[in-house]
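Work through these exercises with the structure open beside you. Try each task before reading its solution.

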Amino acid sequence: MNIKRAKQEIKNTIRAYHLKDAKGEYRIPTIRQRPILLMGPPGVGKTQIMEQIAQECHLPLVSYTITHHTRQSAIGLPFIKEKEYQGKMYSVTEYTMSEIIASVYEKMEQTGKQEGILFIDEINCVSETLAPTMLQFLQCKSFGNQSVPKGWIIVAAGNPPEYNKSVREFDVVTLDRVKKIDVEADFQVWKEFAYEQKIHGAIISYLDIKKDCFYQIETTIDGKRFATARGWQDLSEILQVYDELDMLMDQEVVYQYIQHGRIAKDFANYLELYAKYRTDYQIDGILKGKWKPSAIEKLKFAPFDERLSVIGLLISRLGDIFSQVKEMDEQVTRTYEELKARKALEGELDETIRAEFAKQTELREQMIDEAAENLECAFDFCEVAFGESQEMVVFITELTVNQYSAWFIGENGCDRYYKYNKGLLFHERQQGILQDMDEVRSLMEGN
């Protein structure tokens, strides 16, 4: 399944495991609460979603990458304790509390919550001495002689053996005691995340055109060649800083993040085109209702990938504008809640605070009006350039996928968005058009 579905399934499992009956006992007994084993290729977001899940479920998270640990830190240090059996004293080896279990109890004290998530990453990449401990952990939910506290959900993650030489395969006895979720890379799901995280527009646009470059891991005579979701996200961070510093990024810099020579070279070439399209078509001018007739003519006869890139530039810029509006809206909401709290506490409000709130509200309305005008201008341009073509369907699709534009339209409306969404038979045509686009790309790449 894709990472989005896996995330929801983990959240559903947590809800099920934490459900209690009328007596206050867990509906699914602890012994039947199988640890979740999340398996998938590196860089698809397995680790990242756990932080999101903990935050969204309002649960504390204790996270460990087990490859950084020794057997001693996992199960504790041995010490000798004298014990009496049938009237005779014996020296018995016991263990101090595991560092990992201790961290769980510390987190419980810090947060005051008795339930949480214990996440163990790279669980099948441990050393030979630690491997039995990990099997015991999955089978018995314990490290050494200390058990994970009740109410704490165990989630472990690992990579399949084809991606890592250090991987140890689990036996049937262990696999029969876990809830195993297999995860695969999925660009369409990642794109939703990419818009949310404000991944650089050039990366989203490029991968939209060449989806097969999103995730690749190959073994060659020269070693591994790979491009991963993690690599694209990290490349986005440095690329945005390069833009701020007005520095150019070449193939060698791209390769430092996308360690696949062909893809790195291809993206570096596309990056030059992306910058050229931004200049040629003057995206900010389009969003203000200003464009040259020559740009429309150029776009009408441009290659399909160029038209998609221009749409990507429009969506990226609109997304930035809408995200700023959302931030301002959230700020006004916070100020309003603060004002309500102060009024309830003090009975009246300081005029300075009232004035600041009024100023923020006015600014928010101004930003909403400007953003709505930008969106209308984008529709004006697309109507002239594309009409009711597949490019318009792509434009509507991207407005829907981008969480900031979807939020803005949901909050403030947009008649033309709804008109085209319905008039183009959007949901019925989308799959067919996207399939046609993939076929066109395949033919182009074949040439």
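The exercises below concern a predicted model.

**Exercise 1. Nonpolar cores**

Task: Find which residues touch the most other members of the largest nonpolar core, and which helix gives the most to this core.

Solution:
- Step 1. The largest nonpolar core holds 97 residues. W190, W232, F267, F379 and F395 touch the most other members.
- Step 2. Helix α14, residues 304–346, gives the most to this core: 13 residues.
- Step 3. Another core lies apart from this one. That other core has 23 residues, including Y64, I120, M134 and V148.
- Step 4. Now take F267 alone. Leave out residues up to four places away in sequence, and F267 touches A202, I203, Y206, W232, L235, L239 and V254.
- Step 5. Set this beside a general trend: in soluble globular proteins, nonpolar side chains tend to be buried together.

**Exercise 2. Helix α9 and the loop after it**

Task: Decide whether Q233 is buried or exposed. Do likewise for L245.

Solution:
- Step 1. Q233 sits in helix α9. Its relative accessibility is 14%. The cut-off for buried is under 20%, so Q233 is buried.
- Step 2. Q233 touches Q48, F193 and I199, with residues up to four places away in sequence not counted.
- Step 3. L245 lies in the loop between α9 (229–244) and α10 (251–255). Its relative accessibility is 53%. Exposed means over 50%, so L245 is exposed.
- Step 4. L245 joins V241 and M247 in a nonpolar surface patch. Together they have about 250 Å² of accessible area.

**Exercise 3. Positive phi**

Task: Say where Q86 and K198 lie, given that each has a positive phi without being a glycine.

Solution:
- Step 1. Q86 has a phi of about 50°. It is in the loop between β3 (78–85) and β4 (88–95). At 88% relative accessibility, Q86 is exposed.
- Step 2. K198 has a phi near 60°. It is in the loop between α7 (187–196) and α8 (201–209). At 31% relative accessibility, K198 is partly exposed.

**Exercise 4. Salt bridges**

Task: Work out which helices are linked by the pairs E56 and K11, R317 and D284, and E383 and R416.

Solution:
- Step 1. The model has 22 salt bridges in its count. One of them joins the side chains of E56 and K11, at 2.7 Å from N to O. E56 is in α2 (residues 46–56) and K11 in α1 (residues 3–18), so the bridge ties parts 45 residues apart in sequence. E56 is partly exposed at 38%, while K11 is buried at 19%.
- Step 2. R317 bridges to D284, with the closest N and O atoms 2.9 Å apart. R317 is in α14 and D284 in α12 (residues 283–286), 33 residues apart. R317 is partly exposed at 28%, and D284 is partly exposed at 44%.
- Step 3. E383 meets R416 at 2.9 Å, N to O. The bridge ties α15 (residues 351–386) to α18 (residues 415–423), with E383 in α15 and R416 in α18. E383 is partly exposed at 27%, but R416 is buried at 15%.
- Step 4. K191, D208, K211 and E398 form one network through salt bridges that share partners.

Technical notes:
Residues are numbered from 1 along each chain as its sequence is written. This is a predicted model: local features need pLDDT of at least 70, side-chain atom pairs count only at pLDDT 80 or more; totals for chains, interfaces and linings use all residues. Side-chain values use heavy atoms; hydrogens and water are left out. Patches are made of residues with over 30% relative accessible area and no salt bridge: like charges are joined within 9 Å, nonpolar side chains (Val, Leu, Ile, Met, Phe, Trp, Tyr) within 5 Å. Accessible areas come from the Shrake-Rupley method with a 1.4 Å probe; for residues, only the protein chains shown count as cover. A salt bridge is a side-chain nitrogen of Lys or Arg within 4 Å of a carboxyl oxygen of Asp or Glu. Helices (H or I, at least four residues) and strands (E, at least two) are DSSP runs, numbered from the N terminus. Buried means under 20% relative accessible area, exposed over 50%, partly exposed in between (1.4 Å probe, protein chains only). Contact means heavy atoms within 4.5 Å. A nonpolar core is a set of buried Ala, Val, Leu, Ile, Met, Phe, Trp, Tyr and Cys residues joined through side-chain atoms within 4.5 Å.
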